[in-house]
Amino acid sequence: MKTILITGAAGDVGTHLRRELAGKYALRVSDLRPLKKFHASERYMRADISNFADALRITKGVDAVVHLGGYSVEGPWEGILSANIVGCYNMFEAARRNGVRRIVFPTSNHAAGFYRRDQTIDHRAYPKPDSRYGVSKVFGEALGSLYADKYGMQVLCIRIGNVNPAPIDKRRLSIWLSPRDLAQLVTIGIEHPEIRFEIVYGVSGNTRSWYDNSNAHRLEYRPRDDSEAYAAEVLAREKPGDATAERYQGGAFTVEEEIPNPAPLPRTARKKRR
Ligand code: 15L
């Protein structure tokens with residue numbers, strides 16, 4: 001059985017992914033936060049990925065890394081810098097030094113959030129980040145490209161929309177990713193023989209999608225879910241929002257300076273903020 005490291009394992013996406021992959025892989029689950037519940041196939045390692053020694057420790061002896069750790073919304077520069085820029089670099093470099101060849105990097109729709117909603121974009125669309133957070137995801141994608149071309153690593157970047165058991169509003173009808181479709185994409189990243197450096201969109205087979213996800217389909221992604229099943233219910237409760245946010249794919253990230261962060265700041269960033 002392959003051993004897979006999942007960073008940011010205590011977060012929402014990490015929690016869904018762990019449940020979906022339980023039993024399929026030996027999971028090394030890592031986070032700054034303590035984990036309360038474990039599956040039988042999991043082993044927890046606490047780590048602050050902005051610290052290179054921690055990154056080296058957790059990547060030792062694994063077959064692949066799913067790097068979910070870091071800041072997952074728009075936030076202060078100190079937090080983004082240490083968790084998503086320094087932390088992301090540490091993970092790629094630590095994986096390389098430990099001989100780990102596969103990295104699945106869940107990037108975000110916010111790497112391209114300033115495309116309009118009436119545009120359909122594919123994996124070749126140049127980045128149009130909508131936030132400091134989006135910029136940090138573009139940085140991670142660029143690192144993936146570098147580590148694939150220069151060091152021969154196999155890197156799948158999944159520009160995730162929104163992972164939830166069901167879509168929560170109108171925007172998410174276009175970018176929803178069900179937990180089982182997320183697990184399918186991550187499994188492609190871990191297993192598919194043809195991956196060098198790839199960008200795909202982390203969305204289910206949504207009727208209202210604004211992505212051309214042909215690169216994912218080429219890699220044999222066959223989404224099982226479509227947000228349309230929830231559309232009537234979601235649209236019935238939708239309230240009109242900010243006009244700019246409504247125009248762009250990134251929604252509120254195109255206008256807000258901060259979005260409430262579910263994860264704590266790493267120690268280094270906390271010190272700088274004081
Ligand atoms: C993201 O990238 C975030 O990690 C997630 O919390 C959601 O805000 C999502 O984007 C979204 O756009 O809905």
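Student: In what order do the seven strands of the open sheet come?

Tutor: Good place to start! Keep in mind that this is a predicted model. The open sheet runs β3-β2-β1-β4-β5-β6-β9, and its strands pair in parallel.

Student: Which are the edge strands?

Tutor: Look for strands that pair on one side only: here they are β3 (42-46) and β9 (197-202). On average, and ignoring direction, neighbouring strands of the sheet are turned by 20° against each other.

Student: How many bridges join strand β1 to strand β2?

Tutor: Five bridges link β1 (residues 3-7) with β2 (residues 26-31), and the two strands run parallel. To see one of these partnerships, find Thr7, whose bridge partner in β2 is Ser30.

Student: Which strands does helix α1 touch?

Tutor: Helix α1 (residues 12-21) packs on the sheet and touches β1, β2, β3, β4 (64-67) and β6 (154-160). Its direction makes about 170° with that of β2. Helix α4 packs on the sheet too, touching β5 (102-108), β6 and β9, and its direction makes about 155° with that of β5.

Student: Now for a helix from the inside. Which residues of helix α2 are buried?

Tutor: In α2 (residues 52-59), the buried residues are Asp54, Ala55, Ile58 and Thr59. Look down the axis of α2: its buried residues fall within an arc of 120°, so they line one face of the helix. These buried residues pack against β1, β2, β3, β4 and α3 (77-97).

Student: Let's turn to rings. What describes a pair of aromatic rings?

Tutor: Two things: the distance of the centres and the angle of the planes. A search of the whole structure turns up nine aromatic pairs. In one of them, the ring centres of Tyr147 and Tyr151 are 4.9 Å apart and the planes are at 50°, so this pair is tilted.

Student: Where do Tyr147 and Tyr151 lie, and how many residues apart are they?

Tutor: Both are in helix α4 (residues 132-151), and because they are four residues apart there, about one helical turn separates them. Their surroundings are worth checking as well: Tyr147 is buried, with a relative accessible area of 2%, while Tyr151 is partly exposed at 34%.

Student: And which pair is edge-to-face?

Tutor: Trp176 and Tyr230 form such a pair, with 5.5 Å from centre to centre and 70° between the planes. Trp176 lies in strand β8 (residues 176-177) and Tyr230 in the loop between α7 (214-218) and α8 (231-236), so the pair ties together parts that are 54 residues apart in sequence. Trp176 is buried, at 1% relative accessible area, and Tyr230 is partly exposed, at 27%.

Student: Which residues form an aromatic cluster with Tyr147 and Tyr151?

Tutor: Phe92 and Phe105 join them in one cluster. Tyr151 has another partner to look for: the charged end of Arg96 sits over its ring, 4.5 Å from the centre. In a similar way, the charged end of Lys128 sits over the ring of Tyr115, 5.8 Å from the centre.

Student: One last residue. Is Gly144 buried or exposed?

Tutor: Gly144, which is in helix α4, is buried, with a relative accessible area of 0%. Leaving out residues up to four places away in sequence, Gly144 touches Phe92, Val155 and Phe197. For a sense of distance, Gly144 and Leu235 are 91 residues apart in sequence and 37 Å apart in space, from C-alpha to C-alpha.

Terms used: Residues are numbered from 1 along each chain as its sequence is written. This is a predicted model: local features need pLDDT of at least 70, side-chain atom pairs count only at pLDDT 80 or more; totals for chains, interfaces and linings use all residues. Side-chain values use heavy atoms; hydrogens and water are left out. Rings of Phe, Tyr and Trp (its six-membered ring) pair if their centres lie within 6.5 Å; planes under 30 degrees apart count as stacked, over 60 as edge-to-face and the rest as tilted. Buried means under 20% relative accessible area, exposed over 50%, partly exposed in between (1.4 Å probe, protein chains only). A charge sits over a ring if NZ of Lys or CZ of Arg is within 6 Å of the ring centre and within 35 degrees of the ring normal. Contact means heavy atoms within 4.5 Å. Two strands pair if DSSP finds at least two bridges between them. Axes are lines fitted to C-alpha atoms, for helices over the stretch in contact, and angles run from 0 to 180 degrees between N-to-C directions. The arc is that of the directions from the helix axis to the C-beta atoms.
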